[in-house]
Amino acid sequence: MQAPELLAALAGGHPVSGARLAEAAGVTRAAIWKQVEALRARGVPVESHGSAGYCLPWPVELLDADRIAAMLPPSVRHRLGALEVFWELDSTSSELQRRGAATPDLSIVLAETQTAGRGRRGRTWLSPPGLNLYLSCLKRFESGMAGLGGLSLAVGVIVMRALDALGVRGAGLKWPNDVLAGAGKLAGILVEVSGEYQGPCAAVIGIGLNLRLTSALRDQAGQPVADLAGLCSGEPPSRIRTAAALIEALAAGLEAFERDGFAAFVDDYARHDLLRDQPLALSGAQGDLRGTGAGIDARGALCLRLDDGRMQRIDSAEVTVRRA
């Protein structure tokens with residue numbers, strides 16, 4: 001019995017004895033214990049209940065491509081180039097990038113766990129199996145990279161639209177594209193573009209969304225984090241329903257972006273903007289700046305009203321923005 005089979009056996013959230021697991025798998029109880037430890041090392045909170053056996057603190061819904069597809073409107077399902085679920089990848093975005101030019105438009109890859117999940121600026125994205133969502137989408141554009149200004153901000157709005165469709169409230173956007181709940185990071189977005197500046201290009205859009213985080217994972221994160229469980233009285237939407245909502249929002253939102261650019265998202269971004277009217281401190285290539293958030297402009301640049309009254313626009317995401 002390997003880790004995926006063990007997680008599936010424990011997914012119901014009720015205790016299962018080591019002897020029963022060993023008999024079902026045709027292995028020793030020591031082999032079961034080894035896989036329990038492997039899951040724990042990945043961040044899965046497997047509990048020991050003495051003679052009752054092993055148990056998860058809550059039921060886990062494993063991802064299934066057919067079940068996700070069944071929750072999508074036919075118009076979306078038929079437009080997808082691919083919809084695949086893996087147990088483990090280094091990262092979903094890396095998987096799409098490896099496939100190269102043959103990858104169909106609107107191809108979606110999800111993984112139960114990632115060994116090298118990536119965030120912005122080279123940060124690691126914690127990716128324990130069975131708890132959260134790790135999804136990447138490849139979108140092709142004929143207009144070229146020159147026409148993709150504001151895409152990462154638009155994806156932030158797309159995530160917010162998916163959360164709204166799920167009935168989740170209490171999240172917002174921190175420029176350029178972090179989704180926060182309170183002071184904690186709820187979702188991370190990484191957009192990587194390749195191709196021609198004024199010709200065909202492709203964007204690989206990676207989204208990591210926290211559904212459940214244990215206290216140990218919060219300690220490992222190295223920054224304040226949040227999860228959907230905390231916004232939903234301890235019971236987040238199902239992982240399959242959440243994946244379907246994200247995919248549906250991506251399909252509609254990326255079509256709107258291809259047609260209208262960031263203009264289709266400006267108003268919604270402003271509605272979710274957590275930095276507007278907040279005292280901010282920025283540090284980056286332009287040096288250290290202090291002022292008050294004044295929203296974003298039509299291109300998606302952060303507007304900062306400096307303490308001396310001047311308006312500064314920040315285009316580069318390679319800056320650190322924090323509330324002063």
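**Exercise 1. Determine how strands β10 and β11 are joined in this predicted model, and place their pairing within the sheet to which they belong.**

Solution. Begin with the two strands themselves: β10 covers residues 279-284 and β11 covers residues 287-296, and six bridges join them in the antiparallel sense. A single pair of residues fixes the register, since L280 has G291 of β11 as its bridge partner.

Next, widen the view to the sheet, which is open and consists of five strands in the order β13-β12-β11-β10-β14, with antiparallel pairing. At its edges stand β13 and β14 (320-323), each of which pairs on one side only. From one strand to the next, the twist averages 40 degrees.

**Exercise 2. Describe the hairpin formed by β12 and β13, including its turn.**

Solution. The strands β12 (residues 302-306) and β13 (residues 311-314) pair over four bridges and run antiparallel. Within this pairing, L302 is found opposite I314 of β13. Four residues lie between the two strands of the hairpin, and in the turn G309 adopts a positive phi of about 95 degrees.

**Exercise 3. Work out the strand order of the seven-strand sheet, identify its edges, and locate the helix α7 that packs on the sheet.**

Solution. Reading across the open sheet gives β3-β4-β5-β9-β8-β7-β6, and here the pairing is mixed. Because β3 (82-89) and β6 (171-174) each have a single partner strand, they are the edges, and one side of each is left without a neighbour in the sheet. The twist averages 20 degrees from one strand to the next.

One pairing inside the sheet can be examined in detail: β7 (residues 178-181) and β8 (residues 184-195) are antiparallel and share three bridges, with L180 opposite K185 in β8. Helix α7 (residues 151-165) packs on the sheet, where it touches β5 (133-141), β6, β7, β8 and β9 (201-209), and its direction makes about 135 degrees with that of β8.

**Exercise 4. Test whether the length of helix α3 agrees with its residue count, and then establish how its buried and exposed residues are arranged.**

Solution. For the length, take 1.5 Å a residue: the 13 residues of α3 (residues 29-41) should span 18 Å, and the end C-alpha atoms are 18 Å apart, so the expectation and the model agree.

For the arrangement, list the buried residues of α3, namely I32, Q35, V36 and L39. These cover an arc of only 105 degrees around the axis, and therefore lie on the same side of α3. The face turned away from that buried side carries the exposed residues A30, K34 and A41. Among the elements covering the buried residues of α3 are α1 (3-10), α2 (18-25) and β2 (54-55). After the helix comes G43, with a positive phi near 105 degrees.

**Exercise 5. Decide whether H272 is buried or exposed, and name the residues that it touches.**

Solution. H272 lies in helix α11 (residues 266-272). Its relative accessibility is 16%, and because buried means under 20%, H272 counts as buried. Leaving aside residues up to four places away in sequence, H272 touches M160, G172 and L173.

**Exercise 6. Characterise the largest nonpolar core and the other core that lies apart from it.**

Solution. The largest nonpolar core has 71 residues, and those with the most contacts inside it are L83, L163, W175 and V179. Helix α10 (residues 239-260) contributes the largest share of this core, 12 residues. Apart from this core lies another, of 21 residues, including A11, L213, L217 and V225.

How values were computed
Residues are numbered from 1 along each chain as its sequence is written. This is a predicted model: local features need pLDDT of at least 70, side-chain atom pairs count only at pLDDT 80 or more; totals for chains, interfaces and linings use all residues. Side-chain values use heavy atoms; hydrogens and water are left out. Two strands pair if DSSP finds at least two bridges between them. A nonpolar core is a set of buried Ala, Val, Leu, Ile, Met, Phe, Trp, Tyr and Cys residues joined through side-chain atoms within 4.5 Å. Buried means under 20% relative accessible area, exposed over 50%, partly exposed in between (1.4 Å probe, protein chains only). Axes are lines fitted to C-alpha atoms, for helices over the stretch in contact, and angles run from 0 to 180 degrees between N-to-C directions. The expected span of a helix is 1.5 Å times one less than its number of residues. The arc is that of the directions from the helix axis to the C-beta atoms. Contact means heavy atoms within 4.5 Å.
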